[in-house]
Amino acid sequence: MDYILIIISAVFVNNIVMTQFLGICPFIGVSNKVDTSMGMAGAVMFVMVIATMVTYLLQQYILEWLGIPFMQTVVFILVIAALVQLVEIILKKVSPAMYQALGIFLPLITTNCTILGVAILAVQKEYNLMESVVYAFSNAAGFGLALITFAGIREQLDLVNIPKSMKGVPIAFIIAGLLAMAFMGFAGIVK
Amino acid sequence: MNNLKNFTKGFIKENPVLVLFLGLCPTLGTSNSAINGLSMGLATTFVLVLSNVVISSISRFIPDKVRIPSYIVVIASFVTVVDFMMKAYLNTPGKNFEPSIYDQLGIFIPLIVVNCIVLGRAEAFASKNGVFASLIDGLGMGLGFAFALFMLGSVRELLGNGSILGFKFIKGDGMLMFVSPPGAFLALGFLIMLMRKLNQKLAKN
Amino acid sequence: MAKKESNFTNMLATLLIVTFASSAALGFIYELTKKPIEDALLYKKTLAVQIVLPEFNNDPFGEAKRVAVGKDTLNIYPGRKDSVLTGVAVETSAPGYGGDIRLLIGFLPDGTIREVAVLEHKETAGLGDKILKSKSDFPLQFEGKNPDNFKLGVRKDGAGEVDAISASTITSRAYCKAVQKAYDALKKGEIENE
């Protein structure tokens, strides 16, 4: 498998937010400002790569070995929840500056379905360890791209006069729809 | 607490998707047709009801600090049960190889576990209330979720394909955009707006 | 309801009990659904083979052969009636517009294409999904043709005799490519009468 293919496919063609519909909650929830969405994107990238790596190793070497692949969902979600806590504690001690920037987003990440989704998809697609890591990294980049672009548009939206019942979430969905249309233009670039 | 009220609040007043904005990923991802939306809604209802019942009956034995992890294990177990059941019994392709319902819902079945509605109800309702009340709450919230998904799925299928649940109402291809990703966002945006209008009307009366 | 005090022993005990109960229950369900799941997966495969192949009474999966064509390895399933070869089904794929297009192609023993089934595709609704028989006549162009004297390529590219689906040239090219790959595998696989 070609790494470049995985990257382009995950960032643009099969963008995790705009075409796979994962991570919609933070996409709508924390996209009011560009700098908060950058923080969120950073935290997601950090956790996603580590989580995918750990769950991959667990699946291949523990679950398969014990003959209990059916515990996948239970084990993955527990590991991800524990991992997020661990990252939070380590980050606090090792790099307070980074904790300042990403800290408030970490608790939100456990229920961010992109993390569990990508971990399961990497196993389903039968990637090897390196491919899984690249896959996780590029999906996180795709998430960041969609989130930050969207936040940029929403910042402008505050200044616009829109009908009362459309304010807030409904108009955000309409904008997201238009953005998804733009992302559809990327289809076909992977041949 | 009034059980009937507990049951009906999930549909309009506190609809998890259209009013509380919970569980948006499966809502958008599985609503490309009415049947897909409905199946996802019912699968989630199954998990919600059973995890609510189990959690409400064991919550008093669980130490406070390991509350959330224990709930997650219970929920994830029921999700796995649904996953196996659907893989076994809802996995027959159509005669033109239309993918089976299990294949169409795909990754969204294991992801029920991170659906905020499920853990949210466990923490906010089931851990504080009795078994029967929790069962009703789970059923109401789950069916409210299924209702929203079915609505969105029907709208998208009707506009995009001219049919609902496979029955053709409008000739021709329809507006194909509505069965593809952008249509999901647009349709949900308008549906939320309509729901707001409706709730405002109800509040006035 | 009063909150229960947490101490190390009861936290550990609770977690152990909960996870143990969960794994026991799931193990039970796993055993229970194992057979139906396998049946469902097998049915999916046989359904396609039954459609694309002429009558057969052997087990095409039992006689499956793996053939390397270029970078890929294709599965081919021979169908026989009373040990006379009636046809060969070849599983093939090529990257289309939205992702891989997976096809199962039924060939007659002389290499003529009998029928094509689309196993999986992610093409755009209303455009690329015209590769489905239920949506357009595009796939009918291939039936009854022998790739030996029917050039598999899109006509407007000057590459062959296939009329592309309008506005879905990439999809059409991928479809041709997948069929060609299947044909190459068939020739290389050299499946004969027993």
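User: Which helix gives the most to the nonpolar surface patch of about 730 Å² on chain A?
Analyst: This is a predicted model, where local features need pLDDT of at least 70, side-chain atom pairs count only at pLDDT 80 or more, and totals for chains, interfaces and linings use all residues. Residues are numbered from 1 along each chain as its sequence is written, chains are lettered from A and ligands numbered from 1 in the order written, and side-chain values use heavy atoms, leaving out hydrogens and water. The patch is made by M53(A), L57(A), Y61(A), I62(A), W65(A), L66(A) and L129(A); patch residues have over 30% relative accessible area (Shrake-Rupley, 1.4 Å probe, with only the protein chains shown as cover) and no salt bridge, and nonpolar side chains (Val, Leu, Ile, Met, Phe, Trp, Tyr) are joined within 5 Å. Six of the residues come from one helix (a DSSP run of H or I, at least four residues, numbered from the N terminus), and that is α3 of chain A, residues 34-66.

User: How many salt bridges are there between chain B and chain A?
Analyst: Chain B puts 34 residues into the contact (heavy atoms within 4.5 Å) and chain A puts in 35. About 3,100 Å² is buried between them, with carbon and sulfur atoms giving 85%; buried area is the accessible area (1.4 Å probe) lost on putting two parts together, summed over both. For a salt bridge you'd need a side-chain nitrogen of Lys or Arg within 4 Å of a carboxyl oxygen of Asp or Glu, and the count here is zero.

User: Which element gives the largest share of the side of chain B that touches chain A?
Analyst: Elements giving two or more residues to that side are α2 (24-29), α4 (67-89) and α8 (181-204) of chain B. By class, the side has 27 nonpolar, five polar and two charged residues. The largest share, twelve residues, comes from α8(B).

User: Which side chains meet in a salt bridge between chain B and chain C?
Analyst: Here 31 residues of chain B are in contact with 30 of chain C, and the rule finds one salt bridge across the interface. N and O sit 2.6 Å apart, and the partners are K44(C) and D103(B).

User: Which three residues supply 24% of the area that chain B buries against chain C?
Analyst: Chains B and C bury about 2,700 Å² between them, 76% of it on carbon and sulfur atoms. No other three residues of chain B supply more of its share than P63(B), F84(B) and F97(B).

Note on methods
Nonpolar A, V, L, I, M, F, W, Y, C, P; charged D, E, K, R; others polar. Patch = residues over 30% accessible without salt bridge, like charges linked within 9 Å, V, L, I, M, F, W, Y side chains within 5 Å.
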